[in-house]
Amino acid sequence: MAINVKVLQKVTGLKIKCVERCESTFDEIGDYDAIAARSQARGSGRGDHTFFSPYGGIYLVMRERGLNIDPHTLTPAVGLAVRDTILNVLGISTRLKWVNDVLYGDKKVCGILCKCPRRGEYLIGVGVNFAVNRKDLISAGLDGVAATLDASEYYATAFTAELIKRIHSASLLPFDHNRYNKLCVTVGKDVSFTYNGMQTNGHAEYVERDGSLMVRIGQATVAVDCGEASIIRTT
């Protein structure tokens, strides 16, 4: 089922484009305020990674200008917006992994990527495995790390509308780091991350109000504000 662009434009007041498939929503947003696609040929991931984007997902990019929050808090704040949308529209509880993942159980169901193409302008990308077929995840070798919400297409338009509104609010309101800490699976875990150019292990203590992850290394506590922190699994 296609996302109803007329409904989105009416409830958000934004200039929005909706497509069934595109190369990349980041490349095709043009002068729209937002673009939503159901699949991408080459979705954008962190660094030089691609983001697997099979049909049935909701791959959204929004343009925001003049943030009222610290840009460093934008990604985790959007994580909260995604989590709240999933709960409110679908009744599904998810948790957050610092800094840009939403987890369903212990598997990734959403990735977030924010870019700043020019001063004062931000492109916020969210890829949600909304109604992705689990067989597509299996065929891509991602079944062990990725999940699908397996949501009804009936809710696709309502979900996208609420997601857009909550992301916009997240760009204006203070980052709720206390609530983020309660929902973040990274906090309280031993993690591996890159620090000063070296792979380092430490214990994640909490997420600071500026969005950085505070990690204890021996007797010292350092702020990790870029890259990612992988949870060290114990057997």
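# A tour from a glycine loop through two sheets

Select G188 to begin: in this predicted model, the residue is partly exposed, with a relative accessible area of 42%. G188 belongs to the loop that runs between helix 6 (177–183) and strand 10 (190–195). If neighbours within four places in sequence are left aside, the residues in contact with G188 are H203 and A204. For a sense of distance, add H49 to the selection: its C-alpha atom is separated from that of G188 by 28 Å, and the two residues are 139 apart along the chain.

Next, colour the sheet that includes strand 10. Five strands make up this open sheet, in the order 13-12-11-10-14, and their pairing is antiparallel. At the edges are strand 13 and strand 14 (230–231), each of which pairs on one side only.

Within this sheet, select residues 198–207 and 213–217, which are strand 11 and strand 12; the two pair in the antiparallel sense over four bridges. Show V207 together with L213, which is its bridge partner in strand 12. These two strands form a hairpin with five residues between them, and G211 in the turn has a positive phi of about 90 degrees.

Keep strand 12 on display and add residues 220–224, which are strand 13: strand 12 and strand 13 run antiparallel and are joined by five bridges. Here R216 stands opposite T221 of strand 13. Strand 12 and strand 13 also form a hairpin, with two residues between them, and the turn contains G218, whose positive phi is about 65 degrees.

Now move to the other sheet of the tour, an open one of seven strands in the order 1-2-5-9-8-7-6, whose pairing is mixed. Its edge strands are strand 1 (16–19) and strand 6 (95–97), and each of them pairs on one side only. With direction ignored, neighbouring strands in this sheet are turned against each other by 20 degrees on average. To look at one pair in detail, select residues 107–118 and 121–128, strand 8 and strand 9, which pair in the antiparallel sense over seven bridges. In this pair, R118 stands opposite E121 of strand 9.

From strand 1, follow the chain to S24, which is placed in the loop between strand 1 and helix 2 (25–28). Is S24 buried or exposed? Its relative accessibility is 0%, and S24 therefore counts as buried. Show Q40, R42 and S44 as well, since these are the residues in contact with S24 once neighbours within four places in sequence are left aside.

Return to the seven-stranded sheet and add helix 5, which lies across strand 1, strand 2 (34–37), strand 5 (58–65) and strand 9, and which runs at about 30 degrees to strand 5.

With helix 5 in place, turn to the helices that pack with it. Two packed helices are described by the angle between their axes and the distance between the axes. Select residues 5–12 and 156–170, helix 1 and helix 5: their axes come within 10 Å and cross at roughly 30 degrees. Helix 1 and helix 5 are therefore roughly parallel to each other, and helix 1 passes helix 5 in a right-handed crossing. To see where they meet, show V7, L8, V11 and T12 from helix 1, along with T157, T160, A161, I164 and K165 from helix 5. By class, the residues of this contact are five nonpolar, three polar and one charged.

Finally, replace helix 1 with helix 3 (residues 74–90), which packs against helix 5 at an angle of about 145 degrees, the axes being 9 Å apart. Helix 3, too, passes helix 5 in a right-handed crossing. On the helix 3 side, the residues to show are A77, V78, A81, V82, D84, T85, I86, N88, V89 and L90, while helix 5 contributes A158, F159, E162, L163, R166, I167 and A170. The contact of helix 3 with helix 5 consists of 12 nonpolar, two polar and three charged residues.

How values were computed. Residues numbered from 1 in each chain as written. Predicted model: local features only at pLDDT ≥ 70, side-chain atom pairs only at ≥ 80, totals over all residues. Heavy atoms only, no water. Axes fitted to C-alpha atoms, helices over the stretch in contact; angles between N-to-C directions. Parallel < 35°, antiparallel > 145°, perpendicular 65-115°, else oblique. Left-handed = near helix turned anticlockwise from the far one by under 90°. Contact = heavy atoms within 4.5 Å. Nonpolar A, V, L, I, M, F, W, Y, C, P; charged D, E, K, R; others polar. Pairing = 2+ DSSP bridges. Buried < 20%, exposed > 50% of the residue type's maximum accessible area, 1.4 Å probe, protein only.
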